[in-house]
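User: I have a model open and would like to understand the reasoning behind some of the labels. Could you walk me through a few of them?

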Amino acid sequence: MEGYRLMEESDGNEQGFANFDQHREFDESPYEILQNSKVSVENIISEMLSIKRERKSKSQLPELVTEMFLHFITLRQVNRSILIEEDRVKMETERAKAQVDFTTLQLHNLMYEKSHYVKAIKACNDFKSKYSDLELVPEDQFFREAPQDTKDSILSNDIAHDFMLKRLTFELFERKELCKLHEKLQQKKKILLETIANRKKFLSSLPSHLKSLKKASLPVQNQLGVLHCKKLKQHHSAELLPPALYVIYSQLLAQKEAFGQPIDLEIIGSLKDAQTFSCIQAHKDTGTPTNVDSSKLEDDAPDEEEGDQRQRKRPRRVQGQESVDQAGVFQVHPLKITLHVYDDEASNTMPSKLITLKFEYLVNLNVVCVGTEESNDGSKNDILCNLFPNDTGLELPRQSAKLVVGDAEVFDSQRTSRPYKWAQHLAGIDFLPEVSPLLLTGRETSDNGEAVRSEDVISGLSLYRQQNRVQTFLQRIRSRRKAQPALL
């Protein structure tokens with residue numbers, strides 16, 4: 001059996017070689033033979049599986065097996081031929097690659113040599129002589145200013161070269177002289193810079209020295225009654241007052257300085273808040289921010305020059321109605337004016353204080369309110385009520401303010417400050433009366449009582465609206481304060 005199989009295999013090999021030679025005769029490529037053999041083997045296997053599955057006669061199986069073995073032999077032959085072809089292609093590729101590598105190496109050598117030549121050419125082109133870029137003095141200046149020995153010396157046989165060497169020699173001499181001058185100027189500059197630095201250091205320390213000097217002079221100022229530092233700070237604070245309060249402050253101060261009125265003025269409040277408010281108002285009016293001079297104004301903390309006022313009791317604040325007025329239409333300006341009125345008939349050097357008034361400004365209503373420093377005492381507030389005829393201070397004096405507020409009863413008897421009409425006139429705020437003077441004149445014939453009342457109003461206001469407003473106001477305040485104890 002084994003001999004029979006060997007014979008069959010030899011026959012199959014011979015048939016396979018014959019088939020392979022036949023395929024080569026048809027100029028089929030090994031890859032096509034490989035593909036065809038693969039398809040044939042798949043077909044034989046599918047046929048064998050179909051015989052087994054359908055249980056047909058197995059007489060065809062040996063023939064199919066032999067044919068499949070022949071295809072396997074063909075596959076081995078094709079595989080060998082493919083490997084031989086692959087080795088041949090690799091050898092050819094190696095030979096071509098060696099040629100390409102040699103050519104590439106030659107190219108790199110040429111590129112390196114080219115870059116070397118380019119650098120050499122660039123270096124030659126960029127070469128500059130010692131004097132090619134020197135700004136030499138002009139020839140006419142050389143002949144005019146050069147020393148005679150330089151011009152007479154012979155440095156070269158070539159005339160042009162000899163002339164250039166002479167110019168270079170003269171240029172070197174001039175530059176050495178300029179270097180010496182530069183060193184002298186640098187030394188002088190260094191001395192000046194040191195002097196400037198010392199003076200700047202002195203100026204930077206000067207404010208602290210002046211502050212200590214002001215602190216040391218406070219006892220002398222208090223002894224002599226010349227409160228220059230306090231007065232200066234009050235004037236700086238007055239720059240942040242609203243126009244209405246500024247008019248009151250300036251007029252009262254002028255009255256005190258011109259006629260020696262026994263009164264004292266003081267500006268109280270937060271200077272920082274006033275600065276902020278001033279910047280906001282300037283930006284709102286002009287559209288550009290305004291920087292307040294911060295060197296003139298310090299913080300709200302007591303300064304050294306206000307040492308005599310540290311222990312003074314601060315005015316009390318009512319947390320009721322006034323705390324509500326700080327916002328909305330009743331917003332109060334951060335700064336207020338405090339007026340201390342003294343007795344003008346006292347014979348001693350220290351007159352007694354009659355009353356202390358506090359002026360404040362309602363920003364949104366453009367109204368000035370006045371109250372006493374004793375805050376919520378009704379009997380004290382009555383001293384300002386009807387200081388001038390029919391001026392109780394219980395209603396807003398301006399029609400525009402009434403339109404803004406509405407019909408609400410805001411200014412009642414419990415308020416510490418009221419918008420008196422005389423306060424508006426004192427602040428320079430003039431306004432039209434609610435009733436026409438013609439109507440008041442016509443009512444004189446109909447009602448004698450009302451006519452007398454109108455005459456009193458007109459006479460009081462006309463008297464107050466004269467030029468001596470401040471003097472009239474102070475006279476009435478003093479007379480009212482002096483008469484109050486007698487009435488009580």
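User: Why are helix 8 and helix 16 called roughly perpendicular to each other?

Analyst: Happy to help! In this predicted model, helix 8 (residues 243-259) and helix 16 (residues 469-487) pack at an angle of about 80°. Angles of 65 to 115 degrees count as roughly perpendicular, and therefore these two helices get that description. Their axes are 10 Å apart.

User: How do you know that helix 8 and helix 16 meet, and which residues are involved?

Analyst: Contact means heavy atoms within 4.5 Å. On that basis, Gln251, Leu252 and Gln255 in helix 8 meet Val470, Gln471, Phe473 and Leu474 in helix 16. The residues of this contact comprise four nonpolar, three polar and no charged.

User: What makes strand 1 and strand 4 the edges of the sheet?

Analyst: The sheet is open, with four strands in the order 1-2-3-4 and antiparallel pairing. Strand 1 (263-269) and strand 4 (367-372) each have a single partner strand, so one side of each lacks a neighbour in the sheet. Neighbouring strands are turned by 25° against each other on average, direction ignored.

User: How do you know that strand 3 and strand 4 pair?

Analyst: Pairing requires at least two bridges. Strand 3 (residues 353-362) and strand 4 have six bridges, in the antiparallel sense, so they qualify as a pair. As an example, Phe359 has Val370 in strand 4 as its bridge partner.

User: And where does helix 8 lie relative to the strands?

Analyst: Helix 8 lies across strand 1, strand 2 (335-342), strand 3 and strand 4, and runs at about 155° to strand 1.

How values were computed
Residues numbered from 1 in each chain as written. Predicted model: local features only at pLDDT ≥ 70, side-chain atom pairs only at ≥ 80, totals over all residues. Heavy atoms only, no water. Axes fitted to C-alpha atoms, helices over the stretch in contact; angles between N-to-C directions. Parallel < 35°, antiparallel > 145°, perpendicular 65-115°, else oblique. Nonpolar A, V, L, I, M, F, W, Y, C, P; charged D, E, K, R; others polar.
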